[in-house]
Amino acid sequence: MSYDNTCKYLAETYPAEFAKWLLASDTTDNIQVLKTELTLEPIRADSVTFIQIANQILHIEFQTTPQSIPPLDFRMLDYYIRLKRQYFWCEIHQVLIFLQPTSSEIVYNTQYTDSNTIHKYRVIRLWEEEPTQLLANPALLPLATLAKSNSPQALLEQVAAAVDMIEETDERQNISACVQMIAGLRFEKNLITQIFREEIMQESVIYQDILQKGEERGKKKEALQLILRQLTRRFDAVNPRIEEQIQALSITQLEDLAEALLDFASQNDLENYLVNLSQSS
């Protein structure tokens with residue numbers, strides 16, 4: 001299941017609710033969800049949402065695991081610089097939300113540091129968050145399933161009761177689908193289906209969309225792994241900068257690259273191919 005895509009759907013469908021939660025902002029006017037592709041060498045991530053509120057930008061990054069290439073702290077700096085380049089007049093708030101408990105020290109890191117730069121951002125570990133505020137807002141109910149609780153099953157039942165109170169049918173179905181998907185990070189499927197009616201999730205208009213996006217991401221991951229294996233065998237090692245460019249390609253572009261690389265004699269051929277591809281897109 002695509003947990004990142006589900007979180008992205010929630011943040012982009014309910015931007016005012018996420019702004020209220022993360023920025024303590026009650027503003028409902030002039031809220032705009034921005035595109036997730038930034039300038040320079042394009043980077044795109046399905047788990048990233050940029051919300052512009054007047055002269056502020058809220059950057060939300062959802063993560064199920066702390067491992068990332070490049071590392072998460074550097075990615076937050078990279079996003080900040082790219083955002084500031086495009087929206088220099090805006091104050092930028094960055095929030096990195098970890099969904100699943102882990103003992104990794106990465107989830108406690110709140111800044112990127114090197115010899116000349118310190119860049120800070122906010123981190124939320126959902127398993128340490130009190131569920132009260134999340135339970136009070138329909139848009140945040142799916143995240144409430146992962147919140148702090150001495151009785152996780154009772155918390156899940158509270159979420160289910162709150163979902164049942166949503167009056168509008170389509171919204172109730174969509175939120176229910178998101179709840180069941182994200183709850184899968186913490187609960188067994190049998191328990192989720194006992195508490196929720198599975199057919200309601202399947203009736204949701206977003207269920208098939210999220211499922212399809214998850215399948216696409218799986219296909220892209222397989223294509224990416226295959227290409228990187230082929231390049232490693234061909235050239236022994238791939239430049240990390242080049243690898244990052246390849247990771248940003250679409251499935252179609254990866255398929256074209258898999259065919260084109262058969263004619264590459266060196267990494268220079270690969271670099272030239274990627275340059276031409278970026279100029280033509």
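The buried residues of helix α6 pack against α4 (132–135), α5 (141–144), α7 (169–183) and α8 (189–195), where contact means heavy atoms within 4.5 Å and buried means under 20% relative accessible area, exposed over 50% and partly exposed in between, with a 1.4 Å probe and protein chains only. Helices (H or I, at least four residues) and strands (E, at least two) are DSSP runs, numbered from the N terminus. The model is a predicted one, in which local features need pLDDT of at least 70 and side-chain atom pairs count only at pLDDT 80 or more, while totals for chains, interfaces and linings use all residues. Residues are numbered from 1 along each chain as its sequence is written, and side-chain values use heavy atoms, with hydrogens and water left out.

The average pLDDT of the chain (the predictor's confidence in each residue, from 0 to 100) is 84, and 85% of the residues score at least 70. In residues 40–46 the pLDDT falls below 50; this stretch has 23 contacts in the model beyond near neighbours in sequence.

Helix α6 spans residues 152–164, 13 in number, and its first and last C-alpha lie 19 Å apart, close to the 18 Å expected at 1.5 Å a residue; the expected span is 1.5 Å times one less than the number of residues. Its buried residues are L155, L156, V159, A160, A162 and V163. Viewed down the helix axis, the buried residues of α6 fall within an arc of 160°, so they line one face of the helix. The arc is that of the directions from the helix axis to the C-beta atoms.

Six aromatic pairs are present in the structure. Rings of Phe, Tyr and Trp (its six-membered ring) pair if their centres lie within 6.5 Å; planes under 30 degrees apart count as stacked, over 60 as edge-to-face and the rest as tilted. The ring centres of F18 and F62 are 6.3 Å apart and the planes stand at 90°, so this pair is edge-to-face. Because F18 lies in helix α2 (residues 15–23) and F62 in strand β3 (residues 56–63), the pair ties together parts that are 44 residues apart in sequence. F18 is buried, at a relative accessible area of 0%, and F62 is buried, also at 0%. An edge-to-face pair is also formed by F88 and W89, with 5.3 Å centre to centre and 90° between the planes. F88 counts as exposed at 59% relative accessibility, whereas W89 is partly exposed at 47%. One aromatic cluster comprises F18, W21 and F62.

The peptide bond from I69 to P70 is cis, with omega near -5°. P70 is located in the loop between β3 and α3 (72–86).
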